Amino acid sequence: MSNIQKKTDVLLIGAGVMSATLGSILKELAPDWEIKVFEKLSKPGEESSNEWNNAGTGHAALCELNYTSEKSDGSIDISKATTINEHFQLSRQFWSYLVKSNLIRNPQDFIMPIPHMSLVQGEKNVTFLKKRFEALSKNPLFQGMEYSDRPEKLKEWIPLIMEGRTSKEPIAATKIDSGTDVNFGALTRMLFDHLKSQNVEINYNHSVKNLKRTSDGSWEVKVHNMNSGKVENHTAKFVFIGGGGGSLPLLQKTGIPESKHIGGFPVSGLFMVCNNPEVVAQHHAKVYGKAKVGAPPMSVPHLDTRYIDNKKTLLFGPFAGFSPKFLKTGSNFDLLGSVKPNNLFTMLAAGVKEMSLTKYLIQQVMLSNEKRLEELREFIPNAKSGDWDIVVAGQRVQVIKDTDAGKGTLQFGTEVVTAADGSIAALLGASPGASTAVHVMLEILEKCYPQHMEEWKPKIKEMIPSYGVSLMENAELFEEIHNSTAQTLGLNQRDRSTINSWDAKTKHG
C-alpha cells in the first residue's frame, strides 16, 4: 500500500449533478484552475442523480402543494413557491448557456416539456387549491396556470385519472403547460463528458476515507483507489462534498464547528412503473396530489409522465420506506455511525418529536402490493395490478438540526454547510435539490470565493442573465428569459414533434 501526495485547486467528492454543476460553472469562471473529482462508483450520476432514483420533476413549484401553505388568516403563503421557481429559472438559464455555447448538445435528451398539475379531492382541499391558484396566477412566474373543478374539463386534461371515477366528492386541478421533466442522470453524464473534455481529472472507483486540515488551511483528503488498492493523499485549497446521502459522514470527518449538532435521517422510496404502453400513452402530465395527514412532504403522491432511456414511461409514488443506509450502495451501519457525542441529543430530540413520521414509515414499509395498488387507484381508478412493476428509488437523508423551532428539527429541503473560511462546503438534504443546483452552487461561490465575485460577475451574468435580479419583480425580463431558454432547450409547443414521435414509439412498444 503506497502513499501518493497530489495537489489541486478544487476537489469535488461525488460524481452527481451537484459536483457536475459546480465543476462546469468553475470551468467557465476560472478555466486555469485544476479540478479533480472522486467518485466511489464506476460511473457518474448513479446515486441520487440517477433518473430512476428521483422524480425527475423540474421543481419550479408549479404543482407541488407543500411549497404553498395556508396561513392562520386563511390566505396562501406563496413565498417558498416563488423562491423555488426563481431558483429553477437560474438552472434553465445555465443549461441554455451550455447548449448555446455547444458545451453540451441535444437538450431533448435531458429536458422535455410536460404539463405540471395539482389534483385534489374533498371540499376543503378544493377550496385550498382555488385560493392557491388565485394567489399564484397573479404572479408573473406562474402565468398560464389554469384551474378547473369541472369533471368534463378534467377528462380533457387527465383522461386516465378521470375514467371510471365514481366518487361524488368535489375534485379540482390546476394545470400549467410550461412544466418540465428533467432526466438528471442524463444531464449529469453530459456535464461530466464536458468536464472531461476540459481536462478535469475524473476518478471513478475512488472512495474518500478522511479529510483533515493542513497547517496552511488547505485540506488533505485521503482517498482509497479501489482498482489498485492504493491509498492516495490529495491536497486541495477548496473541497466540495456532494456525495448525496454520503455527504453527512464526510462532513463529520472534517471536524469543522459547522458540522456539529447535525444529524441525518435516511428515507428510502419505491415507485410503481407502468409496463403497459397503451396505459402510458393515455397520460401526459406530472400530477401531484396532497400528502396524507401525518405523511412527510417528500411523500406527496404523484403520477408522472417521464422520458427515460428514449422512452416515455409512467411512474406513480413515492412510497416511503426505511433503511439505515445513507446511499443505495451504502452500509447498514450508516445511520448508527452518524450518531456522535455532539449530535446525540439533536437526534434523540428528533426521535421524540417525529413519532408520527416513524409510525408513518413503519406503515409504509408494511404495505402490501395490494395496498399500494389501492393508493394508485385513487389516481387511476381502473389500474390493473399486472400493468405495474415496483422500482426501488434512491435513498434520501433528511437533515436534522437544532433551529429556532427547537432541538432536533427535521428539515425537508436542501441544506448547504460551509466552513467559516470558505475552504470546504457540503450539500445535504433532498428535494428540490437537483432542480436548484445552479442556485446552490452560486450560493457556495458567494460564500467560499467572495474575493473573486466582482471579477466573475460579468461572466456569471453572461451565463445567467437574471443573476442578482428578482424575476418576480421584473415581469418583462422573466418573459424574455423564459421564452429564450424555452427556445434553446426545445421546450416550445411548436417543438412537440419530438414528443409526438416518442408517443408514437410508446404506443407501438
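How many bridges join strand E14 to strand E18 (residues 388-392), and do the two run parallel or antiparallel? In this predicted model, five bridges join E14 to E18, and the two strands are antiparallel. Within this pairing, Met 272 of E14 has Ile 390 of E18 as its bridge partner.

Strand E14, which spans residues 262-274, is also joined to two further strands. Six bridges connect E14 with strand E19 (residues 396-403), again in an antiparallel arrangement, and Gly 264 is bridged to Val 399 of E19. Strand E17 (residues 311-321) runs antiparallel to E14 and is joined to it by five bridges; here Val 273 is partnered by Leu 315.

The strand is mostly covered, with 13 of its 13 residues buried. In a regular strand, side chains alternate between the two faces of the sheet. In E14, Ile 262, Gly 264, Pro 266, Ser 268, Leu 270, Met 272 and Cys 274 point one way, whereas Gly 263, Phe 265, Val 267, Gly 269, Phe 271 and Val 273 point the other way. Residues of both sets are buried.

A helix pair was also examined. The axes of helix H2 (residues 79-100) and helix H13 (residues 437-448) come within 6 Å and cross at roughly 95°. Because angles of 65 to 115 degrees count as roughly perpendicular, H2 and H13 are therefore roughly perpendicular to each other. His 87, Leu 90, Ser 91 and Phe 94 of H2 make the contact with Ala 437, Val 438, His 439 and Leu 442 of H13. The contact residues comprise five nonpolar and three polar residues, with no charged ones.

Key:
Residues numbered from 1 in each chain as written. Predicted model: local features only at pLDDT ≥ 70, side-chain atom pairs only at ≥ 80, totals over all residues. Heavy atoms only, no water. Axes fitted to C-alpha atoms, helices over the stretch in contact; angles between N-to-C directions. Helix = DSSP H or I, 4+ residues; strand = E, 2+ residues; numbered from the N terminus. Parallel < 35°, antiparallel > 145°, perpendicular 65-115°, else oblique. Contact = heavy atoms within 4.5 Å. Nonpolar A, V, L, I, M, F, W, Y, C, P; charged D, E, K, R; others polar. Buried < 20%, exposed > 50% of the residue type's maximum accessible area, 1.4 Å probe, protein only. Pairing = 2+ DSSP bridges.
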